[in-house]
Every structure is written in structure tokens, then in C-alpha cells.
Amino acid sequence: MTLLAIPAVAASPATTALNGHQILERTTSKIGKARCITTSFSMTANGQTAKGTLKMSGDKFFLTLPNARIWYDGRTLWSLDSSTKEVNISEPMPEELAQVNPMIIISSMLNASTPRQMKGTAKDYSLHVTPKASQHLAFTSAIIDVDKKTFLPSRIVLTLDSGQTVTLNTNNVDLTTNHPASTFVFNKNDYPGYALIDLR
């Protein structure tokens, strides 16, 4: 199943003079310092698009899709498919996580990649990001659109090592709602009748 704290800075002459590294630095800082993140999104992968919601805290996340739920507690991932009433349990590699939640990849980009600023819009900066030769990341290139007021990503396009492209468009990003640790752990009592398939 395939399928981000510093003060916000309003657009100004000083803001428009920021280079790609500075923009990415502000974005990764804001994501890293946010206790929790909640957003709705649309994701496109393998030619299919789905809408859902995402809750994050550090590298942990809980993702909902029309027929799926995905929990990740920083080590273990539970992937629920309501159409088959199955839950796959795994310990994913970074590229597998990128396919599920491209937003978590941003935190690893700052010191391991080279960002180049492209032509953006009145609302967003646009960055083209490539891993440094000495680094092995879960992607070969990325395009990130960053909101100029919030420095949060509005769109992420990842090209993975496999050649697959995953696109995430976010909206209604909330950094104020805290999520308990239990948010990111599958509770089998909430889903009676589901088969658990341990792939670890």
C-alpha cells in the first residue's frame, strides 16, 4: 500500500532574498520543533490519487485513507485494509516509509542534500532537492513547494530509488493539537475480526 519552531515570516524583500538552503533550513526547523502536526492531504502514487488525514509527532504518524489506516510508532508500522479486514505488521525501511508518508523525509534533507531554488509563485517558494553524492536517502530527487508565510510544505514530489513518483499536497496544517502516544499505535481491540499478519 503506497501511497511538516520558528516564527512565520511574511513576504518581504528580506524573505525573497532567501536562498534554497535557508528556505529548507527554516522548513526542517519548523517541522522538527513542532510537537505535533495535523493536516489533510491528497496523495498520488502508482497512478492513483487518494485523500486523507495525517497526524504526526516526530517520526511517528497516523494516516487515514478511504479504505485504510496506517500507524507508525517510530519502529513498527501497522497497515490496515478495511476491504480485506487485514492488518499487516512490519518494520519498514526508509524508502517504504517515503511511499507511505513523504512528509517525514523532509527532516532528513537539510545536511544530506543540495536544495536549489526554482521559480515559485506569489504564495510558495519552490525547491529542487537532490541527495549529496556521499549520502543515500530514500529518494533520488524531490520538488518541495513551501508556503512563504508559514514555511510549511504545501506540495512534495518525491522520485524514489525505484523510479516511482509520490506526490503529496497538504492543506489545513495545524501545529497546535497535541496527540498522545497511543495515537500512533494500532489497538486490536478497536478492530475486532481483523486478521493480523506479522511480516517482521
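Is Asp124 buried or exposed? Asp124 is buried, with a relative accessible area of 12%. The views below come from a predicted model.

**View 1. Lys123, Asp124 and a shared network.**
Asp124 pairs with Lys123 in a salt bridge. Their closest N and O atoms are 3.5 Å apart. Lys123 counts as partly exposed, at 47% relative accessibility. Asp124, at 12%, is buried. Salt bridges with shared partners join Lys123, Asp124 and Asp147 into one network. The structure holds five salt bridges. Side chains of opposite charge can pair when their charged atoms come close.

**View 2. A salt bridge between strand 9 and strand 10.**
Arg155 and Asp145 meet through their side chains, at 2.9 Å from N to O. The pair links distant parts of the chain. Arg155 sits in strand 10 and Asp145 in strand 9, ten residues apart. Asp145 is buried, with 12% relative accessibility. Arg155 is partly exposed, at 29%.

**View 3. Asp198 with Arg200.**
A salt bridge joins Asp198 to Arg200. The closest N and O atoms are 2.6 Å apart. Asp198 is partly exposed, with a relative accessible area of 45%. Arg200 counts as exposed, at 55% relative accessibility.

**View 4. The twelve-stranded sheet.**
Twelve strands form an open sheet with mixed pairing. Their order is 7-8-9-10-11-1-2-3-4-5-6-12. Strand 7 and strand 12 stand at the edges. Each has a single partner strand, so one side of each is left without a neighbour in the sheet. On average, neighbouring strands are turned by 20° against each other, direction ignored.

**View 5. The strand 7 edge.**
Strand 7 covers residues 113-118, and strand 8 covers residues 124-131. The two pair in the antiparallel sense over six bridges. Gln117 has Leu127 of strand 8 as its bridge partner. The two strands form a hairpin, with five residues between them.

**View 6. Strand 5, strand 6 and the strand 12 edge.**
Strand 5 (residues 77-81) and strand 6 (residues 86-90) run antiparallel, joined by five bridges. Trp78 has Ile89 of strand 6 as its bridge partner. Four residues lie between the strands of this hairpin. Lys85 takes a positive phi there, near 55°. Strand 6 also pairs with strand 12 (residues 195-198), in the parallel sense, over four bridges. Val87 stands opposite Leu196 of strand 12.

**View 7. Strand 1, strand 2 and the loop that follows.**
Nine bridges join strand 1 (residues 37-45) to strand 2 (residues 48-57). The pairing is antiparallel. Ala45 stands opposite Gln48 of strand 2. Gly58 lies in the loop between strand 2 and strand 3. Gly58 counts as exposed, at 58% relative accessibility. Gly58 and Leu110 are 52 residues apart in sequence. In space their C-alpha atoms are 16 Å apart.

**View 8. Helix 2 across the strands.**
Helix 2 (residues 20-33) lies across strand 1, strand 7, strand 8, strand 9 and strand 10. The helix runs at about 115° to strand 7. Thr28 is found in helix 2. Thr28 is buried, with a relative accessible area of 10%. Beyond residues up to four places away in sequence, Thr28 touches Ile106, Ser107 and Leu110.

**View 9. The nonpolar cores.**
The largest nonpolar core has 45 residues. Phe61, Leu63, Ile105, Met109, Phe139 and Leu158 touch the most other members. Not counting residues up to four places away in sequence, Met109 touches Leu24, Val129, Phe139, Ala142, Ile144 and Leu158. A second, separate core has nine residues, including Phe62, Val87, Phe184 and Tyr194. In soluble globular proteins, nonpolar side chains tend to be buried together.

**View 10. Confidence along the chain.**
The mean pLDDT of the protein is 86. A value of 70 or more is reached by 92% of the residues. Confidence is highest in strand 6, at 97. Confidence is lowest in helix 1 (residues 13-16), at a mean of 45. Over residues 2-15 the pLDDT is below 50. Beyond near neighbours in sequence, this stretch has 36 contacts in the model.

How values were computed:
Residues are numbered from 1 along each chain as its sequence is written. This is a predicted model: local features need pLDDT of at least 70, side-chain atom pairs count only at pLDDT 80 or more; totals for chains, interfaces and linings use all residues. Side-chain values use heavy atoms; hydrogens and water are left out. Two strands pair if DSSP finds at least two bridges between them. Axes are lines fitted to C-alpha atoms, for helices over the stretch in contact, and angles run from 0 to 180 degrees between N-to-C directions. Contact means heavy atoms within 4.5 Å. A nonpolar core is a set of buried Ala, Val, Leu, Ile, Met, Phe, Trp, Tyr and Cys residues joined through side-chain atoms within 4.5 Å. Buried means under 20% relative accessible area, exposed over 50%, partly exposed in between (1.4 Å probe, protein chains only). pLDDT is the predictor's confidence in each residue, from 0 to 100. A salt bridge is a side-chain nitrogen of Lys or Arg within 4 Å of a carboxyl oxygen of Asp or Glu.
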